[in-house]
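Biologist: I have the sequence and the fold open in front of me, and I would like to go through them with you. Could you show the structure here before we start?

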Amino acid sequence: MRRFYNFFLAGILFGGLTLPVCAADLKLEARLIWGANDSDAANIANGTNTVKYQPVAPELSDKLHRMFKWKNYYEITNKTARIGLNQTNDLKMSDVCTIRVKNLGSSRVEISCIGHGKQIHKGNYTLVPPQWLVLGGNGTDNTAWFVGLRAIDGKTPDPKKAISKN
């Protein structure tokens, strides 16, 4: 803390030095995806309502098909967040799925997947825009869930870039 204070004080004294407030912020996109072989899986019961989910965009779906066995991929949730350096943000992807992301700096993140209130995965990863990091697990009735995460660098992402698994 003392080092930061001295640096900040030097910035005030010399006038030309400014601190970039958002330089270490991470802008993140997260998608919850459902994988299934049955095309009727698009109609997923959500409490008392049945919700019709849309297929994942072809660019992402093509890449998922190359890595996993499912015939169909449906986007459940798509969220973005800005996370400050050494800060943690919880992204509620569904009633039972939360992704906790901590910005470790230098494109490194600590990710915890929380399902039904219990941590089911925790790991450190490097996010390189526009590549996707995909985490997943088994669902019910021969289905699977996936969370796709990527850093957004402010440029338009190139959909032809491969999804990465760290």
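Modeller: What follows is a conversation about one sheet, the nonpolar cores and a buried threonine, and please keep in mind that this is a predicted model.

Biologist: Let's start with the sheet, then; in what order do the four strands come?

Modeller: The order is β6-β7-β8-β9, with antiparallel pairing, and the sheet is an open one. Strands β6 (88–92) and β9 (118–126) stand at the edges with a single partner strand each, so one side of each has no neighbour in the sheet. From one strand to the next, the twist averages 20°.

Biologist: How many bridges join β7 to β8?

Modeller: Eight bridges join strand β7, residues 97–105, to strand β8, residues 108–115, and the two run antiparallel. Cys 97 has Gly 115 as its bridge partner in β8, while Asn 103 has Val 109 as its partner there. The hairpin of these two strands has two residues between them, and in that hairpin Ser 106 takes a positive phi near 55°.

Biologist: And on the other side, what joins β8 to β9?

Modeller: Eight bridges join that antiparallel pair, and in β9 the partner of Cys 113 is His 121. The hairpin of β8 and β9 has two residues between the strands, with His 116 at a positive phi near 55°.

Biologist: Is β8 mostly covered or mostly open?

Modeller: Mostly covered, since six of the eight residues in β8 are buried.

Biologist: Switching to the core, which residues touch the most other members of the largest one?

Modeller: Those are Ile 99, Ile 111 and Leu 149, in a nonpolar core of 22 residues. The elements giving two or more residues to this core are β1 (26–36), β5 (72–83), β7, β8, β10 (133–138) and β11 (143–151). Apart from it lies another core of 10 residues, among them Leu 64, Trp 70, Tyr 73 and Val 134.

Biologist: What does Ile 99 touch, ignoring residues up to four places away in sequence?

Modeller: On that basis, Ile 99 touches several residues, including Leu 91, Met 93, Ile 111, Cys 113, Val 147 and Leu 149, and also Asn 89, Asp 90 and Ser 112.

Biologist: One last thing: why does Thr 143 count as buried?

Modeller: Thr 143, which is found in strand β11, counts as buried because its relative accessibility is 10%, and buried means under 20%. Leaving aside neighbours within four places in sequence, Thr 143 is in contact with Trp 34, Gly 35, Ala 36, Trp 70 and Asn 138.

Technical notes
Residues are numbered from 1 along each chain as its sequence is written. This is a predicted model: local features need pLDDT of at least 70, side-chain atom pairs count only at pLDDT 80 or more; totals for chains, interfaces and linings use all residues. Side-chain values use heavy atoms; hydrogens and water are left out. Two strands pair if DSSP finds at least two bridges between them. Axes are lines fitted to C-alpha atoms, for helices over the stretch in contact, and angles run from 0 to 180 degrees between N-to-C directions. A nonpolar core is a set of buried Ala, Val, Leu, Ile, Met, Phe, Trp, Tyr and Cys residues joined through side-chain atoms within 4.5 Å. Buried means under 20% relative accessible area, exposed over 50%, partly exposed in between (1.4 Å probe, protein chains only). Contact means heavy atoms within 4.5 Å.
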